[in-house]
Amino acid sequence: MKWFCPNCWQEIEKETNKCPHCNYDLTEFEKISYEDKLILALKNPIRDHRMFSIYMLGQILSPKAVKPLYELACSSSDTIELFYIAKTLKLINTKESIKYLYKLKEKNNMLLTNFINKLEEKYGN
């Protein structure tokens with residue numbers, strides 16, 4: 001199993017207390033909230049871990065995650081990941097999350113645009 005620093009996402013040894021790449025104190029990671037850990041995990045290099053975090057942020061309706069989710073969407077070309085982000089932004093349903101959801105239509109991804117339109121039909125505008 002690979003282990004990554006939750007700050008810089010470089011690979012590290014399992015029992016490391018301080019990241020050798022960025023000097024992040026890994027013992028501090030245990031003290032942060034579950035929500036903040038999920039937000040940090042949006043930068044995880046392993047897609048499945050990001051997908052789980054996206055899903056869980058939608059389940060807890062995290063308004064703190066809106067901007068990091070949008071930033072991930074801007075850098076992603078993975079349509080399935082973009083679907084998860086779009087649904088999570090719609091579930092969070094704040095003014096900011098809806099603004100970013102509509103901005104995702106600018107990615108010129110027809111599948112994503114159609115998915116967002118279906119979310120609007122299902123959950124309302």
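What follows is a chat between a visitor and a guide about a predicted model of a protein chain.

Visitor: Let's start simple: how many helices and strands are there in the protein chain?

Guide: This is a predicted model, so keep that in mind as we go. From the N terminus on, the elements run β-β-α-α-α-α-α-α. Tallied up, the protein chain has 6 helices and 2 strands.

Visitor: And what does the C-alpha trace span along its principal axes?

Guide: The protein chain has 125 residues, and 39% of them are buried. Along the principal axes, their C-alpha trace spans about 50 × 25 × 20 Å.

Visitor: Of the contacts between residues at least 6 apart in sequence, what share joins residues at least 24 apart?

Guide: Here a contact means heavy atoms within 4.5 Å. Take the contacts between residues at least 6 apart in sequence, then keep those joining residues at least 24 apart: the share is 46%.

Visitor: Let's look at cysteines. How many disulfides does the count come to?

Guide: A disulfide is a covalent bond between the sulfur atoms of two cysteines. To count here, the two sulfurs must be within 2.5 Å. For C5, the nearest cysteine sulfur is that of C22, 3.7 Å away, and C5 is in no disulfide. The count comes to 0 disulfides.

Visitor: Why is there no bond from C19 to the closest cysteine sulfur?

Guide: C19 is buried, with a relative accessible area of 1%. The closest cysteine sulfur belongs to C8, and a bond would need the pair within 2.5 Å. The bond is ruled out because the distance is too far, at 3.7 Å.

Visitor: Is C5 buried or exposed?

Guide: The word "buried" applies under 20% relative accessible area. C5 has a relative accessible area of 0%, so C5 is buried.

Visitor: On to α5. Which helices do the buried residues of α5 pack against?

Guide: Helix α5 covers residues 95–103, and its S97, I98, Y100 and L101 are buried. They sit on the same side of α5, because they cover an arc of only 160 degrees around the axis. The helices they pack against are α3, α4 and α6.

Visitor: What about S53: which residues is it in contact with, leaving aside neighbours within four places in sequence?

Guide: S53 belongs to helix α2, residues 47–59. It is buried, at a relative accessible area of 2%. With those neighbours left aside, the contacts of S53 are L38, A41 and L42.

Visitor: Y55 is in α2 as well. Which residues form a nonpolar patch with Y55 on the surface?

Guide: Y55 counts as partly exposed, because its relative accessibility is 42%. The nonpolar patch has about 290 Å² of accessible area together, and the residues that join Y55 in it are I80 and Y84.

Visitor: Now the charged pairs. How many salt bridges does the structure hold?

Guide: Side chains of opposite charge can pair when their charged atoms come close. One of these pairs is E28 with K31, at 3.1 Å, N to O. E28 is partly exposed at 34%, while K31 is exposed at 63%. The structure's total is 5 salt bridges.

Visitor: R47 makes one too. Which residue meets R47 in a salt bridge?

Guide: R47 lies in helix α2 and the partner in the loop between α3 and α4, so the pair ties together parts that are 31 residues apart in sequence. R47 counts as partly exposed at 30%, and the partner is also partly exposed, at 21%. With N and O 2.4 Å apart, the partner is D78.

Visitor: Are R50 and E81 buried or exposed?

Guide: R50 forms a salt bridge with E81, the closest N and O atoms being 2.7 Å apart. This pair links distant parts of the chain, with R50 in helix α2 and E81 in helix α4, 31 residues apart. As for burial, both R50 and E81 are buried.

Visitor: Last one: how far apart in space are T113 and A65, C-alpha to C-alpha?

Guide: T113 is in helix α6. Its relative accessibility is 17%, so T113 counts as buried. T113 and A65 are 48 residues apart in sequence, and in space, C-alpha to C-alpha, they are apart by 21 Å.

Conventions: Residues numbered from 1 in each chain as written. Predicted model: local features only at pLDDT ≥ 70, side-chain atom pairs only at ≥ 80, totals over all residues. Heavy atoms only, no water. Helix = DSSP H or I, 4+ residues; strand = E, 2+ residues; numbered from the N terminus. Buried < 20%, exposed > 50% of the residue type's maximum accessible area, 1.4 Å probe, protein only. Arc of directions from axis to C-beta. Patch = residues over 30% accessible without salt bridge, like charges linked within 9 Å, V, L, I, M, F, W, Y side chains within 5 Å. Areas by Shrake-Rupley, 256 points an atom, 1.4 Å probe, with all protein chains shown as cover. Salt bridge = Lys/Arg side-chain N within 4 Å of Asp/Glu carboxyl O.
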